[in-house]
Amino acid sequence: MMRLFRLGLSLLLFSLALVVQAQADQPRMSETLSVFGAVKQEKTFSLNDLKQLAGLQLHAVEVMCMSGANKGQMENLSGVALKTLLEHVGLKVDRGKDFRKLAIIAYATDDYWVTYSWGEIFNQANGDQVLVYFAKDEVELGSEDGRFALMPGNDVSKGGRQVKWLERIEVRLLAP
């Protein structure tokens, strides 16, 4: 009987350790999204702020990673175009030609980050489809994706530049 009790207790403790480890492996949720750097007005957006700017929806997005592996399809992503978000804060450069020297860096809470050039966002049709999203199928994102995420709607391999747990967007003026 005592042996059975110890076995049960050991299994319970092992299960608890697995749950704690799984929670520790989960990236931190961000409740806000900051846009900063070479912008006219640095701003921290709440979920409600982004909902007011929202207007872009991607209906069926096939997610392929860079290796070519199919990661499945995501349906009905709702949010705001990255371009709209950047227009809202305004881009700050000294000369018009400096716009083409801007890099946009999207950071996640798990230290993952991706880059876009100004030209990709503002000078190509694909830029209209880079989505900062906060809902899938009209349900707000949760711990699986973070409060905010970014999806490059027209990239061939979308998985490589998808950012879950999005927390910050930096606009940086590059210099040689």
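## Strands 1 and 2

Strand 1, which covers residues 33-37, is joined to strand 2 by three bridges, and the two pair in the antiparallel sense. Within this pairing, leucine 33 has phenylalanine 45 of strand 2 standing opposite. The model described here is a predicted one, and the statements that follow should be read with that in mind.

## The five-stranded sheet

Strands 1 and 2 belong to an open sheet of five strands, in which the order is 2-1-10-5-6 and the pairing is mixed. The edges of this sheet are formed by strand 2, at residues 43-45, and by strand 6, at residues 113-117, each of which pairs on one side only. From one strand to the next, the twist averages 15°.

## Helix 3 against the sheet

Helix 3, made up of residues 82-89, lies across strand 1, strand 2, strand 5 (102-108), strand 6 and strand 10 (166-173). Relative to strand 2, helix 3 runs at about 135°.

## The chain as a whole

The secondary structure of the chain consists of four helices and 10 strands. Read from the N terminus on, these elements follow the succession α-β-β-α-β-β-α-β-β-α-β-β-β-β.

Of the 176 residues in the chain, 40% are buried, while the area that the chain exposes comes to about 10300 Å², with 54% of it supplied by carbon and sulfur atoms. Among the contacts in the chain with a separation of 6 or more, 62% are accounted for by residues 24 or more positions apart.

Definitions and conventions. Residues numbered from 1 in each chain as written. Predicted model: local features only at pLDDT ≥ 70, side-chain atom pairs only at ≥ 80, totals over all residues. Heavy atoms only, no water. Buried < 20%, exposed > 50% of the residue type's maximum accessible area, 1.4 Å probe, protein only. Contact = heavy atoms within 4.5 Å. Areas by Shrake-Rupley, 256 points an atom, 1.4 Å probe, with all protein chains shown as cover. Pairing = 2+ DSSP bridges. Axes fitted to C-alpha atoms, helices over the stretch in contact; angles between N-to-C directions.
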